[in-house]
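This report describes pockets, ring contacts and one helix in a single protein chain. Please keep the sequence and the structure in view while reading.

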Amino acid sequence: MTLPEHAARRAWHAAINPLHATIYFSPDLPAEFAALGVADRSTAALASRAAAMGAVGAGTVTATFYNYRHDFVARHLPAVWDTVTPAQAVAARLRAADRTLRRLLGDEAVASPAMAEAADLAMRATEGCSRHARTLYAAHADLPVPDEAHLRLWHATTLLREHRGDGHLAALLQAGLDPLEALVSHTATGRGMTPKWIKAIRGWEQSDLDAAAARLRERGLLDAGGELTAEGRAVRERLEDTTDRLDAGPYEHLGAEGLARLAELGGGFVSRALAAGAFPADAFGKA
């Protein structure tokens, strides 16, 4: 890579992924789906992200989302497609993104030159993405690019998020971390979702989390107190390094100057969204 070390990773975590992820904790998403007859929040969340792939079933979603409990997914899909079409779900998600960004950032920021510049930079980065073996990225890349700048930015962050995520799954498989081991070890870093939200959003039970923690302890990756060991930290760092390598294309294409500017602009929008309460206070961390 020709970029400064970890520059792309820092930008993704601080300025790209959080903008996309606002949708998952937004009341606007379930509201849009409720208006279409889908009252269950989990159904709305699963359908909104899966819809780009078409009227897929639980098996496809469990495979591509990686860290959801399969029987949890199967309670919602494919039954939701009897109520809404994938096209309706895609449109509802975009309307929710519009409402969410306007609420969190304000209309002035949404209409600002900085928003248009960030959208252009992020879309330019997506030109360096690749489709092969990246199911969720490729499905979303087939969707039309919105006209409005804030929605173009959100669309671009979606593409960049799914591109990195698809590569991250390959890295998880290489590291030998199953879905729950990936979640539990990420939580142990202090940067992942808390157990409360893993159970609420991903459908796992406490017994599942406990069993995964036991497996990680057997491998010497977690200690008795649930903290990462030195080897556990090394595994997580190698995992991120592999993900960086697999996700280098978009940011190499954008270049160091463009990436730094995207990080600056996107980071400003993320800070504003966080201040507006984009995420629950207990969503991320160890507890």
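For sorting residues by character, Ala, Val, Leu, Ile, Met, Phe, Trp, Tyr, Cys and Pro count as nonpolar, Asp, Glu, Lys and Arg count as charged, and the others, Gly among them, count as polar. By that scheme, the lining of the largest pocket divides into 25 nonpolar, 13 polar and 12 charged residues. The model in which this pocket is found is a predicted one.

**The two pockets**

The largest pocket holds about 1,400 Å³ of space. It is lined by 50 residues, and those closest to its centre are Asn17, Arg161, Met193, Arg202 and Phe284. Several helices supply at least two lining residues each, including H1 (7–21), H2 (28–34), H3 (41–50) and H4 (58–65) from the earlier part of the numbering, as well as H10 (149–175) and H14 (230–246). The largest share of this lining, 8 residues, comes from H10.

The second largest pocket has a volume of about 260 Å³, and of the 15 residues that line it, Val184, Thr187, Pro195, Ala213 and Gly226 are the closest to its centre. H11, H12 and H13 (206–218) each give at least two residues to this lining, with H13 giving the most, namely 5 residues. Sorted by character, the lining of the second largest pocket consists of 7 nonpolar, 4 polar and 4 charged residues.

**Rings that meet**

A search of the whole structure finds 5 aromatic pairs, and two of them, both of which include Phe25, are set out in the table below.

| Pair | Distance between ring centres | Angle between planes |
|---|---|---|
| Phe25 and Trp197 | 5.4 Å | 65° |
| Phe25 and Phe284 | 5.9 Å | 65° |

An angle over 60 degrees between the planes counts as edge-to-face, so the pair of Phe25 and Trp197, with its planes at 65°, is edge-to-face. The pair of Phe25 and Phe284 is edge-to-face as well.

What parts of the chain does the pair of Phe25 and Trp197 tie together? Phe25 lies in the loop between H1 and H2 while Trp197 lies in helix H12, so this pair ties together parts that are 172 residues apart in sequence. Phe284, in turn, lies in the segment after helix H15 (248–275), so its pair with Phe25 ties together parts that are 259 residues apart in sequence. Ring pairs also link Phe25, Trp197, Phe279 and Phe284 into a cluster.

Is Phe25 buried or exposed? Because buried means under 20% relative accessible area, Phe25 counts as buried at 14% relative accessibility, and Trp197 is also buried. Phe284, at 40% relative accessibility, counts as partly exposed.

**Charges over rings**

Rings also meet charged side chains in this model: the charged end of Arg49 sits over the ring of Phe65, 4.2 Å from its centre, and Arg164 lies over the face of Trp12, at 5.2 Å from the ring centre.

**Helix H6**

Helix H6 covers residues 86–105, and at 1.5 Å a residue its 20 residues should span 28 Å, which agrees with the 28 Å between its end C-alpha atoms. The buried residues of H6 include Pro86, Ala89, Ala92 and Ala96, and also Arg93 and Asp98. H6 is followed by Gly106, whose phi is positive, near 90°.

Definitions and conventions
Residues numbered from 1 in each chain as written. Predicted model: local features only at pLDDT ≥ 70, side-chain atom pairs only at ≥ 80, totals over all residues. Heavy atoms only, no water. 1 Å grid on protein atoms, 1.4 Å probe; cavity = no way out; pocket = protein on both sides within 12 Å on 5 of 7 lines; lining within 4 Å. Points joined across faces, edges and corners; volume = space filled by probe spheres on them. Helix = DSSP H or I, 4+ residues; strand = E, 2+ residues; numbered from the N terminus. Phe/Tyr/Trp six-rings, centres within 6.5 Å; stacked < 30°, edge-to-face > 60°. Buried < 20%, exposed > 50% of the residue type's maximum accessible area, 1.4 Å probe, protein only. Lys NZ or Arg CZ within 6 Å of the ring centre and 35° of its normal. Expected span 1.5 Å × (residues − 1).
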